[in-house]
Amino acid sequence: MKDILVIAAFAFLGAVAAGLLGALALRLLRHRSLTVSMTVVAAVAVLAMLAGTLAVAWEMFLSLHDLTVVTIVVAMAAAASLATALLLGRWVVARSTALTLAARSFGEGGSFAAPTEPASAELTALARELETTSAKLAESRERERALERSRRELVAWISHDLRTPLAGLRAMSEALEDGVAAEPDRYLRQIRTEVERLNSMVGDLFELSRIHAGALALSTARISVYDLVGDAIAGADPLAREHRVNLVGDSVEALPVEVDSKEMSRVLGNLLINAIRRTPADGTVAVAAERTPDGVVLSVTDGCGGIPEEDLSRVFDTGWRGSQSRTPPAGAGLGLAIVRGIVEAHQGKTAVRNVAGGCRFEVTLPTTSA
């Protein structure tokens, strides 16, 4: 028993000495290739065995022949271990290099393509994660490009829409100033109309900027959809009368919702104004509200004749007008974008689809328990 303890002690001391030397070597070579580190690890294992064996042999007074045999055996094991470590290290380094080269495409705005050569389970998992990240980055870049295009279009359109009324205001004010206006009262009424239009456009821009900046503060309270729709219809009734459009709100259930009544009134107002302006005279704009498994759905159905299928996905984009017309009734193309922003701030969603004779805009709000 005593001999076994002595052998264990000498083997332990030899292994500790080899381990300390290996730790020092790894620290000094920590910035070198993985192949070097793996070779050091293999060498530490061999040296630990050799040091323990030599220490035990010295203590046990083995013959010179036996010591030579043990040393040769250990040396052969060391050679095989170091060769295996070198091969494994070079294989891992080659796969890591291939993965690094493939990952450089991220910085160049490209997509990641995993190396085709077989790799370890860890490198394969890393490649899968990089592929997933690449797909997400591609989607993000596409969204960013779309937003940038939308911003450029918006700036161009708003610049055009501001220039036209400003030129008219300047001409009318100069005519009044020079005393050449044939009907001063009509000019004044027209100036007021243009100023109100500009004020509305600036208000829409301010609202949209708050939405995009995430600064839209909501003061939510429980309110009946019936009251919300009733107020919106009352506000849009003068415009409907002017365009000779029938407003119908008979299919509205008295459902409770938790919303900011001011912002949600703006949503319904924008939808109703948009529907009235695009519905021909003697047409009908119908408002409805119902409970569905997804929540409370508010809908506005108009008689615009429908929207081309290729444009349905762009209806709520900033600046979309549905036509190339830049006339005042076409608006600045901000109303529906504001609708989507406000609804999404309420954790809801918007949708549009074609129906017989027109289209149906839907706003889905989260259900509120009664």
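These legends walk through a few close-up views of a predicted model.

**View 1. The whole chain, to get your bearings.** Before zooming in, it helps to know that the chain has eight helices and seven strands. Of its 370 residues, 31% are buried. Take the contacts with a separation of 6 or more: 71% of them join residues 24 or more positions apart. The accessible surface adds up to about 22,100 Å², and carbon and sulfur atoms own 60% of that area.

**View 2. Helix 6 from end to end.** Here we follow residues 225-242, an 18-residue helix. From first C-alpha to last, helix 6 reaches 26 Å, close to the 26 Å expected at 1.5 Å a residue. Look for the bend of about 45° at Ala236; a proline, Pro238, follows within four residues. At the start of the helix, a side-chain oxygen of Ser224 comes to within 3.2 Å of the backbone nitrogen of Tyr226. After the helix comes Arg244, with a positive phi near 55°.

**View 3. The buried side of the story for helix 6.** Which residues of helix 6 are buried? They are Val225, Leu228, Val229, Ala232, Ile233, Ala236, Leu239 and Ala240, so Ala236 turns up again, this time as a buried residue as well as the site of the bend. The buried residues of this helix have plenty to pack against: strand 1 (221-224), strand 2 (246-252), strand 3 (256-259), strand 4 (284-292) and strand 5 (295-301), along with helix 7 (261-278).

**View 4. Val225 and the largest nonpolar core.** In soluble globular proteins, nonpolar side chains tend to be buried together. In this model, the largest nonpolar core has 48 residues, and Val225 and Phe361 have the most contacts inside it. Helix 6 supplies the largest share of this core, eight residues. What does Val225 touch, leaving aside residues up to four places away in sequence? The list runs Val252, Glu253, Leu255, Val257, Ala289, Val296 and Leu298.

**View 5. Helix 8 and its neighbours.** Now we move along to residues 335-345, which form helix 8. Its buried residues are Leu336, Ala337, Ile338, Val339, Gly341, Ile342 and Val343. These pack against two helices, helix 5 (184-212) and helix 7, and against two strands, strand 6 (349-355) and strand 7 (358-365). Helix 7 is also a packing partner for the buried residues of helix 6. Just after helix 8 sits Gln347, which takes a positive phi of about 65°.

Terms used. Residues numbered from 1 in each chain as written. Predicted model: local features only at pLDDT ≥ 70, side-chain atom pairs only at ≥ 80, totals over all residues. Heavy atoms only, no water. Expected span 1.5 Å × (residues − 1). Bend = angle between axes of the 7 residues up to and from the residue. Buried < 20%, exposed > 50% of the residue type's maximum accessible area, 1.4 Å probe, protein only. Contact = heavy atoms within 4.5 Å. Polar contact = N/O pair within 3.5 Å; in protein donor to acceptor, adjacent residues only side chain to side chain. Core = buried A, V, L, I, M, F, W, Y, C linked by side-chain atoms within 4.5 Å. Areas by Shrake-Rupley, 256 points an atom, 1.4 Å probe, with all protein chains shown as cover.
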